Amino acid sequence: MKCWVCKRQARGFGHMDGRFKIADPRRYPLDWVFCSRRCQDAFHKLYGNWVDAKQFGREVAMIDPSDMEMASMRKCLKAFGEAAGEIGFERPLGAYSEAEALRVIDAIVTCYTDAMVVAHEASKYPPMRGINAPVSDPFADLADDLPWEGI
C-alpha cells in the first residue's frame, strides 16, 4: 500500500478513528496508511483542520512550508512569468481558458517538482567538515585506496 500523504511505500503507520467502537470497521480506514511518523503527523494536522472547518466554519490553515519548499516556490516565479507572458499579462487569471490555465499550472508544477528534486539531491548526503559541496558518491575513490590494487 502507498502512503496517503506522499505516495511512497507505507511502513506500518496507520490511522485509527477513536469516535467508533473497537468492533466497528469504520474505526480502521484501510487506505489511511503512512510511510513515516512525519507523514502521519501531517495527515492528522490536515485532518484535524478539516474537521474543525467542517464543524465550526473556521478557515483551514496550511502547514508551514520548509525553507527548501519556499526556495523551490521562489524558483517557480520565472516559469510562471514566462507561461503567463506567452498568454498575456493584460488578461486576469480568471479570464484564462482551460488550456491556458493548465499550461500555467503545468509550468509551475514542473518547475517546483524539478527544484525539489535538485534540492533533495543536493542534501542527499550531509555536508562533511572541510568539504564545501556535498559528495554524490562518498566511496567513489575507494578502489584507489586499496593496498592490493597497487601491486
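**Exercise 1. State what share of the protein's contacts with a separation of 6 or more comes from residues 24 or more positions apart.**

Solution. A contact means heavy atoms within 4.5 Å. Among contacts with a separation of 6 or more, 44% join residues 24 or more positions apart. The model is predicted: local features need pLDDT of at least 70, side-chain atom pairs count only at pLDDT 80 or more, and totals for chains, interfaces and linings use all residues. Residues are numbered from 1 along each chain as its sequence is written, and side-chain values use heavy atoms, with hydrogens and water left out.

**Exercise 2. List the order of the elements from the N terminus.**

Solution. Helices (H or I, at least four residues) and strands (E, at least two) are DSSP runs, numbered from the N terminus. The protein has three helices and two strands. Their order is β-β-α-α-α.

**Exercise 3. Decide whether Gln40 is buried, partly exposed or exposed, and find what it touches.**

Solution. Step one is to place the residue: Gln40 belongs to helix H1, residues 37–56. Step two is the class: buried means under 20% relative accessible area, exposed over 50%, and partly exposed in between (1.4 Å probe, protein chains only). Gln40 has 12% relative accessibility, so it counts as buried. Step three is the surroundings: with residues up to four places away in sequence set aside, Gln40 touches Phe13, Gly14 and Phe34.

**Exercise 4. Identify the members of the largest nonpolar core.**

Solution. A nonpolar core is a set of buried Ala, Val, Leu, Ile, Met, Phe, Trp, Tyr and Cys residues joined through side-chain atoms within 4.5 Å. The largest has seven residues: Cys3, Trp32, Phe34, Cys35, Cys39, Phe43 and Tyr47. H1 gives the most to this core, three residues. A second, separate core has five residues, including Ala83, Ala84, Tyr96 and Val104. Back in the largest core, Cys35 counts as buried because its relative accessibility is 4%. Cys39 contacts Cys3, Val5, Cys6, Arg8 and Phe34, leaving aside neighbours within four places in sequence.

**Exercise 5. Count the disulfides, and explain why Cys76 is not bonded to Cys111.**

Solution. A disulfide is a pair of cysteine sulfur atoms within 2.5 Å. The count by this rule is zero. For Cys76, the closest cysteine sulfur is in Cys111, at 3.9 Å, and therefore too far for a bond. Cys76 itself is buried, with a relative accessible area of 6%.

**Exercise 6. Place Leu102 and give its class.**

Solution. Leu102 lies in helix H3, residues 98–122. Its relative accessibility is 48%, so Leu102 counts as partly exposed.
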